[in-house]
Every structure is written in C-alpha cells, then in structure tokens.
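Reader: Good morning. I should like to go through a structure with you, one topic at a time.

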Amino acid sequence: MTGSPPDVMLPRPSVSVDAVMAAQRAAEFTKRSIKKDAKVAGLLMALSMLDLTTLEGKDSVEKVRGLCRKAVRPWDRDEAVLGYRLPSVAAVCVYPALVGTCVEALGPDRRVKIASVATGFPSGQFPLEVRLDDTRRAVADGADEIDMVINRGAFLAGRHDEVADEIREVKRACRREDGSFAHLKVILETGELETLDQVRRASDLAIRAMADVDFETGIPAPGTPDFIKTSTGKVQPAATMPVTLVMLEAIREWHAATGRVVGMKPAGGIRTAKQALHYLVMVNEALGPVRVDGFDGCPWLTPDYFRFGASTLCNDILRQLAWLKSGRYQAGYDFSEA
Amino acid sequence: MPERLDVLKTYKLFIDGKFPRSESGRSIEVKDRKGSVVAHASHASRKDLREAVEAARRAFPGWSGSSALLRGQILYRAAEMMEGKRAELAQALTAGRGSTGSRQAQAEVSLAVDRLVHFAGWADKFSQVLGCHNAVAGPYYNFTFAEPTGVVCVVCPPVPPLLSLISLLAPVLCSGNTAVVIADAADPLSAAVLAEVIATSDFPAGVCNILTGDLDELVPFVATHRDIDGVHAAGLSGDLAKTLRAGVAENIKRTVVHSEVEWDSAACESPWWIEPFLEMKTVWHPASA
C-alpha cells in the first residue's frame, strides 16, 4: 500500500435529510423557464451526457451494434434537418457479454466510452468472487467504465462495513495491468433504500470506499472520476429528483472536505427532454457555483462528471431539437430505435 | 331552508381518458344568439393537441388490435350513453348560438345517436366489404385486408356541432383508428358533453380525445404534425383548407375535407367514409395441393 491515509473524515453517522424540504427544493428546479437558444444548448448538453443503455435479456450483437452507431451519431438526418452535426453521446451501457461487440463497433480511437454493468447486475446476489470475476472480465474485454450494484441486503441489514469492503474490492478489480483504473459507478438502487437518510448514508459510504482505493494507490485529488448512480432501472421508483439532490449534496460536501470530485449518474425513469433539463437545472443550482482546482467551469456540467442513464431519452431530445428547428411536431418513426 | 347555490358544470378538454383544463389556462366564452355569456369552455392550445396526439398514439396498438366485435359493442355502448344524456346534449345545443330551438336540438341528438349505432354495426363488417379475395394465376390464395391507418384528427365545423362530430368521428373509430377531435370554439358545449359519453363507454384511455378550440389556431399544427396519419374534416374555410392541404403533403397524411355536406342524409352513412382511413394489406398464401 502506498499513499497517505485520509486526513479528513466525514462525520459518522451521515447527516440526516429533511425529506419534505428535499422534495420541495427538488420541485422548485422544475419551474425555471428555459426557452429557445438556452433550451437548445441544454438539450445538446444533455445529449452529450447520455449513457445510451440497453440492458435486456433479449439484447443481441446486432442490437448493440445499432446502439453503437446511434451513440456515435445520434441522428443520421441531423445535418439535413438541424443544419449541424450533433454531438456523440458520452457512453454506451451494456451487459458484460456485449463489451467485446462494442469494442469492435466503436473502433480503437473511440470517443464514446464503453460502460458495462457488472457484479451480478441487477441484483448483486452472487458470491463476491463471482462478482469480482465479472468485473475483471469486463475490464479485460475493454470496458472503460464499470457500473456495479451494491449489496442492498447487507446495507439494509446494517452491515455497512461489508458493503464498503465489497466496493473497495470491486474498485481494485477495476485496475488494469498498466495500473490505470476503469472508472467505477456505484449503483445504490435508491428505490430499495426506503428513506433519503439511507440514500445519504449509502452515498457517503460509496464515495468514501471508492476514495479509499485512490488513497492506497496514491492517486491525488481530484481522484479517479468515479460516480455514484441512483438505480439499475429494474426497480421502481428509479431516479427521482429528491434522491438525486441528496446524492449531489453528498458529492458537494465530500468535495468541500477533501477536494476530490465524484460524478453523478441518475438512471432510470428519465424519459423526456424536459425532465433532463430539470436535472441540469438542479446540477447547476446545487453544484454550479463550486469551483474546483484544474477545471475551467463546473466539472459536473460536463460529461466527465454527470451522466444520464437512459434509453428512450435520446429520441425525445432529438424530437425536441427537430421541433424547435422546424416548428413541426415529429413522429416516433422519424428516429431509429437502437 | 337557505337558497341553494348554483352548481355549474366546468366544460373541460378530454385527453387520455382524463378531463384536464387547457394547459394554456385559456377559456372560451360561449354566447347565445343574443350575445350573452352562457358558459365557459376550455380553449385548447397546440400543446394540448400535442398531448392528445401522444395519447392517441399510445392507445393505437390496443384499440386497433382489439376485436371488431368489441369495438362495435363499445361504439354501441356510447350510443346508449348518448341516449341517456339526451336532455343534457339538447340543452348544450340550444345554449350555443349554432342551434335554433329545442325541437331542432332533439332532432340533432336523435340523428347523432342513430349514426353512431349505424357505424357500430359497420365495425365487424367493413373488412368483409372493403377487403377481398383476389384472383391470381398460380396455386395461391391472395387476400387483401383493410387495416386502420393510425392516429386520425377529426376537425369539426361549427354547424351542426354534434351531428357533424359524430358523423366524422364514428367511421374513424369503428375501423380501429384512434382519434383527436377538434370542435370549433363557436359552439363547443355538445362536444364537451360528448366527452363524458366517451369516458363512460369503455373506450380505453386515449382512443378518442376531444379538444375544444380555435380552428385557425390549431389546424396549421395538425397539418404539419408528423405523428398524425390522417385528417377527417368538414366545412373548413378556403384559406384553412389550403393551409391543411399544404401541410399534410409533407408527411402524406390521408386527408378528406368534405364540403357542402347534408348531414342528415344517408350519404353520411356510406362505408366510403370508413375507407379513406384504412391501409390495404395484401397477403399471398400457398394453396394446398
């Protein structure tokens, strides 16, 4: 082990959350008026932050190839209709068995990252060795990012140390032979955590556990750009605005205490362009004023530290962009499915 | 006993099986022939139209996939509900400036109910009449099926408000299309009451949505909306018809604009009012030796 132990500890237990105020503050973010140029800019930002996702039992090689094409160029008629080339999305998110297909489809100099769910997604109810092996294989196959699920059973039973140990183990399994790390996203599955207090506790725990591995490897601030993520998308409710707000607050306080930067990924249930704008408003108002050494603007308003996990959101953003440009409401069949 | 306060009806829109006010917050003053305000109705905006089309699109797979018998039964059920609401429908017709007297209003309701029953009957018959078995040279059966087009927008003239609405709507629904109805703001009350009939007749949510609003405002958005597959309209002004024709050309909507219709004539009960909103699918099937 190298590096020095952390000199700042978060207070334990985590601060408690006022659920009523969290809901009210989250609701306020939905009342900003964003029109015309600002709306287009917001939609393009949301598009560039997408983790274009397919996580179904019926996923096939051909479907994932189609998803990769869409990730690189979300709409092939962009120049004809909009007059400009759309940005690529941030990443594709697939099951581990399909990582190789993505590597092949996106090519060696890919701008679109490959994220793979791992650790026995979506339940995580597998022996630790199987989960770690799942992770190592996905990294070896070429995944840039690993979306892991925490052991909710252990967390809810109060075995927090066990959960933290497992996150540390998974993060160590994300280390490649050359010493670099695949970026880790820890899925809290907030729909199963019952209360916002638990969400905050799990956020603090996950952030801390991921940073522990940075400390032992000697990675200085801002640290590996790891994420905390709301949901698998397989449990309802998935991402909600109050839950995301609580997680953003945990990220903000961790940065204030340590100077380290952790990313945020709400996933599941964000289907419309309007919802995506609401989330961006929330990020801007919760974290926008935070200044980080080495970054020009707010790091959380870039795809490096903020992502949307979604599948249908992409086409709704495209639909809105086309409507704003043409004044014609668009049909579903105007946009490719994958 | 204290004097009772009046309990007046709020005439609202009907979108996705619910009764919302217009998203825009606007309302229409409905006046009688003397010009005094008798009621307020919701004044639909283009965003209400957008929501209604989305609801109709979501409802299409279910409605078009349901059996013809069921669709017929639901349309007939709607006719039964109209019969039960006869007094309210007639009152809605006499309140607005379009209609003249209660006898005429009663007659219009009767014709509208009968027309709905007529097209309820067509639901499980149109495909036999409009589809066919084609003669081909070879050992094949060759069938043509008539299938619904998709989301059809029904644009109604102000006179006669109820009868024209039913005459344009029923042929669209009976074949399995879903509909977004736009009733003219000049006399919108009977359309708003009809929404209550639809809501209590077992139509799945979104199959029939009813908006009351300004045709000049909404028809241009209907014309260019790429997710509307057909338009069934009548009594449009020359300019509005031209706007509609220009817009629908862009995504090739099936469009019928009737002019000079005698609404009480049997001509409105022709199966050729069903046919424009059907897609013909032809299937080859090997004949057994």
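Author: What follows is a conversation about a predicted model, covering the contact between the chains, the charged pairs and the aromatic rings.

Reader: Thank you. How many residues does each chain bring to the contact?

Author: Chain A contributes 11 residues to the contact, and chain B contributes 11 residues. The area buried between the two chains is about 1000 Å², and carbon and sulfur atoms give 44% of that area.

Reader: Which three residues of chain A supply more of its buried area than any other three?

Author: They are A:Arg328, A:Tyr329 and A:Tyr333, which together supply 59% of the area that chain A buries against chain B.

Reader: And how many salt bridges cross the interface?

Author: The rule finds 3 salt bridges across the interface of chain A and chain B. A:Arg328 takes part in a salt bridge with B:Glu250, at 3.4 Å from N to O. In addition, 6 residue pairs are in polar contact across this interface, with both residues at pLDDT 80 or more.

Reader: Why can such side chains pair at all?

Author: Side chains of opposite charge can pair when their charged atoms come close.

Reader: Which residue forms a salt bridge with A:Arg319?

Author: The partner is B:Glu54, and the N to O distance is 2.6 Å. B:Glu54 lies in helix 1 of chain B, whereas A:Arg319 lies in helix 12 (residues 313-326) of chain A, so this pair joins two chains.

Reader: Is B:Glu54 buried or partly exposed?

Author: B:Glu54 has a relative accessible area of 26%, so the residue is partly exposed. The cut-off needed here is that buried means under 20% relative accessible area.

Reader: I noticed B:Phe221. Where is it found, and what does it touch?

Author: B:Phe221 is part of helix 8 (residues 215-224) of chain B. Leaving aside residues up to four places away in sequence, B:Phe221 touches A:Trp323, A:Gly327, A:Tyr329, B:Arg46 and B:Leu49. The residue A:Tyr329 is also one of the three that supply 59% of the area chain A buries against chain B. B:Phe221 counts as partly exposed, at 23% relative accessibility.

Reader: How far is B:Phe221 from B:Gly247?

Author: In sequence they are 26 residues apart, and in space 8.5 Å, C-alpha to C-alpha.

Reader: Let us return to charges. How many salt bridges are there over all chains?

Author: A search of the whole structure finds 54 salt bridges. One of them links A:Asp204 to A:Arg200, at 3.1 Å from N to O. These two residues are 4 residues apart in helix 9 (residues 196-217) of chain A, which means that about one helical turn separates them.

Reader: Are A:Asp204 and A:Arg200 buried or exposed?

Author: Both A:Asp204 and A:Arg200 are buried. In chain B, a salt bridge joins B:Arg50 and B:Glu51, with their closest N and O atoms 3.0 Å apart. There, B:Arg50 counts as partly exposed at 23% relative accessibility, and B:Glu51 counts as partly exposed at 37%.

Reader: Which residues are linked in a network of salt bridges?

Author: A network of salt bridges links A:Asp51, A:Glu145, A:Asp147, A:Lys185, A:Lys229, A:Lys265 and A:Arg307. Of these, A:Lys185 also lies over the face of an aromatic ring, that of A:Phe227, at 5.8 Å from the ring centre. Similarly, A:Lys171 lies over the face of A:Phe181, at 5.2 Å from the ring centre.

Reader: That brings me to the rings. How many aromatic pairs does the structure hold?

Author: The structure holds 14 aromatic pairs over all chains. One of them is the tilted pair of B:Phe14 and B:Phe19, with 4.9 Å between the ring centres and 40° between the planes. B:Phe14 counts as buried at 3% relative accessibility, whereas B:Phe19 counts as partly exposed at 33%.

Reader: What about B:Trp63 and B:Phe203?

Author: They form a tilted aromatic pair, 5.5 Å centre to centre, with 45° between the planes. B:Trp63 lies in helix 1 (residues 46-65) of chain B, and B:Phe203 in the loop between helix 7 (189-199) and strand 7 (208-213), so the pair ties together parts that are 140 residues apart in sequence. B:Trp63 counts as buried at 1% relative accessibility, and B:Phe203 counts as buried at 11%.

Reader: Which residues of chain A form one aromatic cluster?

Author: That cluster is formed by A:Tyr279, A:Phe306 and A:Phe308.

Notes:
Residues numbered from 1 in each chain as written. Chains lettered and ligands numbered in written order. Predicted model: local features only at pLDDT ≥ 70, side-chain atom pairs only at ≥ 80, totals over all residues. Heavy atoms only, no water. Phe/Tyr/Trp six-rings, centres within 6.5 Å; stacked < 30°, edge-to-face > 60°. Buried < 20%, exposed > 50% of the residue type's maximum accessible area, 1.4 Å probe, protein only. Lys NZ or Arg CZ within 6 Å of the ring centre and 35° of its normal. Salt bridge = Lys/Arg side-chain N within 4 Å of Asp/Glu carboxyl O. Contact = heavy atoms within 4.5 Å. Buried area = accessible area lost by both parts, 1.4 Å probe. Polar contact = N/O pair within 3.5 Å; in protein donor to acceptor, adjacent residues only side chain to side chain.
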